[in-house]
2 protein chains.
Amino acid sequence: MSAMRPFKELMDFETAKKTIMENTREISVTEKVPVREAEGRVLAATVKAPLDVPGFRRAAMDGYAVVAEDTFGAARTDPKHLAMKGKIFAGKKPEDKVVSGSCIQIATGAPMPEGADAVVMVEETSVEGDDVSIYKPVYPGANVSEQDSDIQKGTEVLYAGVLLTPPRIGVLAALGFESVEVYSRPKVMVFPTGDEVVPPGTKLQYGKVYDINSYTLTSLLQASGAEVKVMEITGDSREELKGSIERASEYDYAVFSGGSSVGERDLIFEVVAELGTLLFHGIALKPGKPTICGIVGNTMVFGMPGYPTSCLTNAYVLLLPSVRKMARLPMEPRTGKAVLSTNITSTIGRHQIYTVRVEDGVAYPAFKESGAITSMSFASGYIEISANTEYLEEGAEVVIYYF
Amino acid sequence: MSAMRPFKELMDFETAKKTIMENTREISVTEKVPVREAEGRVLAATVKAPLDVPGFRRAAMDGYAVVAEDTFGAARTDPKHLAMKGKIFAGKKPEDKVVSGSCIQIATGAPMPEGADAVVMVEETSVEGDDVSIYKPVYPGANVSEQDSDIQKGTEVLYAGVLLTPPRIGVLAALGFESVEVYSRPKVMVFPTGDEVVPPGTKLQYGKVYDINSYTLTSLLQASGAEVKVMEITGDSREELKGSIERASEYDYAVFSGGSSVGERDLIFEVVAELGTLLFHGIALKPGKPTICGIVGNTMVFGMPGYPTSCLTNAYVLLLPSVRKMARLPMEPRTGKAVLSTNITSTIGRHQIYTVRVEDGVAYPAFKESGAITSMSFASGYIEISANTEYLEEGAEVVIYYF
């Protein structure tokens, strides 16, 4: 049994984050999903329009399809008169033609009849029997959507790598696609570790605590486009850890919650170094010093601190950006600005993640103690205090990263 | 067959939005969901802690459990010496006691042994056999988490109505909850309407277009916490519309995409007025004039414009806030600021939703024509131009509402 070892060298926060990001590959596996379920996914192949949209010339307004020239000189006091020859509804092929002196009533979206080159809006007309009075002239092409005015067949309308927002889902539907090729979600295997950890719903014995970290990690990662599988709570012996990393070999991430501190049974970093490459062990970060990161095969291995707040803040600042990069999702945490309610002192040499509660533009400290999950639950988000900042003054403007 | 009627009176945008919001009730139905799937849901009942967290006094650091007084006066050059009496691992009940002159090795999270009142961090010690050198004094209570230091049994830790974020999921797990009572999601029934509309995946006949609106609405609403059921495309005869509204009677919303313009077959507003209360028909809004809203029984009925961009922008500015209010979700669209790349003129008397593409803090117009779904797919979001604004100048700062 080896003795407890203190951290030898802490990596600074920026270097740790850069190391993680440089070692994060973007996902290349793709899958087909129904367009109806594709919101929030990332398009894997550029989409070329297989058809024109609209596929025909159509009315852009309710009104009358006319020969524009017939309306020239029309005025409220001196309307032009046209003979109504029929009606065209949306979805129907027009049978009649418009010739000079006549018009056809037409609904928005209905195909334009032959002979007509404009639509007079219903608001600019009145009708008595078949006699339509036109109160305002229209130019040729007025209130008409030409075939392919939205999308021209053959055009590249959506590029590989774009996020599928509701408008882009609309483009796919407009082109008749039922399914679409998207990048697969990163697959994360989460291992709650530690002999003191038991699952919620069971009875708590003396000295035991409920598993918090697999819950916070799962909800955070799922909300950011990852597919998460949570394993049963395991001990953190060398053999158990090796087995866990092996089980995660088909996954993009193996995330251990707990077990990366300097306790003599905290062997993750040794196991990672033995099986693959250890990127770092220990960061000049508060909270979250004992975080480790490494790569075994194709799997990124994260050892998160066991303390719930340390685990979760580290997930926000280190794990989440990596997962979002792998998922090819935009890197835009929801941020805002606020002014500090009080002076805050920080330790030179350690980057600090400081939770705050924001009310009416003022940021109040929410930090309690590093084990206290309640401190985060009352917080709106966090601010970052860089390693070379000793002191933030009351009233200083800070950037809030919202949970 | 009635003649086409122009809109008689348009409601101004702010009044329309206010009318919708005032008529939107907050959902009262609740359901139990697993804590693991509760992220993004809204808590329905205040949670009282059924136990202390932690449930025992524990070490907050790896190190040695000591009698603090024994360490007073310790220095790197003049360490205090203590006899190591054993080890305590996390999850185990300690068997030994600490008495003056002795210490016990302890792991973070492990229960404190009787007699000890502080933990000396491993970094401030060295060990040879059973002789532990202490290099720095600690005060009583140092590096110890008291029982209930995070959560005290009986405390209200989460209030009804809060959004379940990852930290709050953590609080529920910490207290041992496996499931949680949340408000149900608003249920929306979407009716794609129009004889010209056919589902993606089918062959397109002349004069037909693919159903875009049920796709954009579904993706937008699902992403905002609604449960959406899309019905088959229906015609928009009076009887079909009545049948549709009846089918939606158990739903919170019936949303018709298309069929609310002034075309003579656009009867939704008549049917709503007949079966319930019509709140408005026609808004001084561009695009989106023909939007209608009413209430039939317990169902809010929205008639959206048929044009895809009009339908979707109206969903962003009118339908979405209503659904989020009903779901009790925070009303925080993702916004940002940018400066206009060009002058924009707008129509006095009509509130305008103007799509823009934002690059490097500059907002470029993305608008093409009101039927053009591609214009929205290339846009980052939109700006709002109020009804009494005629002109926005190049370089003006505007608020961007991101898609």
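## Exercises on a predicted two-chain model

The largest cavity holds about 60 Å³ of space. The model is a predicted one, and the exercises below work through its cavities, its symmetry, its cysteines and its domains.

**Exercise 1. Determine how many cavities of 30 Å³ or more the structure holds, and describe the lining of the largest cavity.**

Solution. Begin with the count: the structure holds three cavities of 30 Å³ or more. Next, list the residues that line the largest cavity, which are B:Gly40, B:Arg41, B:Val42, B:Tyr183, B:Ser184, B:Arg185, B:Pro186, B:Gly225, B:Ala327 and B:Leu329. Sorting this lining by class gives five nonpolar, three polar and two charged residues. Finally, set the lining against the domains of chain B: at least three of its residues come from domain 1 (11–29 + 184–327), and at least three come from domain 2 (32–53 + 153–183).

**Exercise 2. Identify the operation that superposes chain B on chain A, and state what relation it represents.**

Solution. Recall first that two copies of a chain are related by a rotation about an axis and a shift along it. Here the rotation is 180 degrees and the shift along the axis is 0.0 Å, with chain B superposed on chain A at an RMSD of 0.1 Å. This is therefore the relation of a two-fold axis. To place the axis with respect to chain B, look for the nearest C-alpha in that chain, which belongs to B:Arg334 and lies 3.8 Å from the axis. As a last step, consider the contact residues: 99% of those of chain B recur in chain A, and the same surface serves both copies.

**Exercise 3. Decide whether A:Cys311 and B:Cys311 are paired or unpaired, and whether they are buried or exposed.**

Solution. A search of the whole structure, over all chains, finds zero disulfides. For A:Cys311, which is in no disulfide, the nearest cysteine sulfur is that of A:Cys293, 14 Å away, whereas a disulfide would require the two sulfur atoms to be within 2.5 Å. The relative accessibility of A:Cys311 is 0%, so this residue counts as buried. Turning to chain B, B:Cys311 is likewise in no disulfide, and the sulfur of B:Cys293, the nearest from a cysteine, is 14 Å away. Because its relative accessibility is 0%, B:Cys311 counts as buried.

**Exercise 4. Set out the domains of chain A, and give the separation between the centres of domain 1 and domain 2.**

Solution. Chain A is divided into domain 1 (11–27 + 185–327), domain 2 (30–53 + 150–183), domain 3 (58–145) and domain 4 (335–402). With centres taken over C-alpha atoms, domain 1 of chain A and domain 2 of chain A are separated by 35 Å.

Notes. Residues numbered from 1 in each chain as written. Chains lettered and ligands numbered in written order. Predicted model: local features only at pLDDT ≥ 70, side-chain atom pairs only at ≥ 80, totals over all residues. Heavy atoms only, no water. 1 Å grid on protein atoms, 1.4 Å probe; cavity = no way out; pocket = protein on both sides within 12 Å on 5 of 7 lines; lining within 4 Å. Points joined across faces, edges and corners; volume = space filled by probe spheres on them. Nonpolar A, V, L, I, M, F, W, Y, C, P; charged D, E, K, R; others polar. Domains from an automatic or database assignment. Least-squares fit on C-alpha atoms with pLDDT ≥ 70 in both. Contact = heavy atoms within 4.5 Å. Buried < 20%, exposed > 50% of the residue type's maximum accessible area, 1.4 Å probe, protein only.
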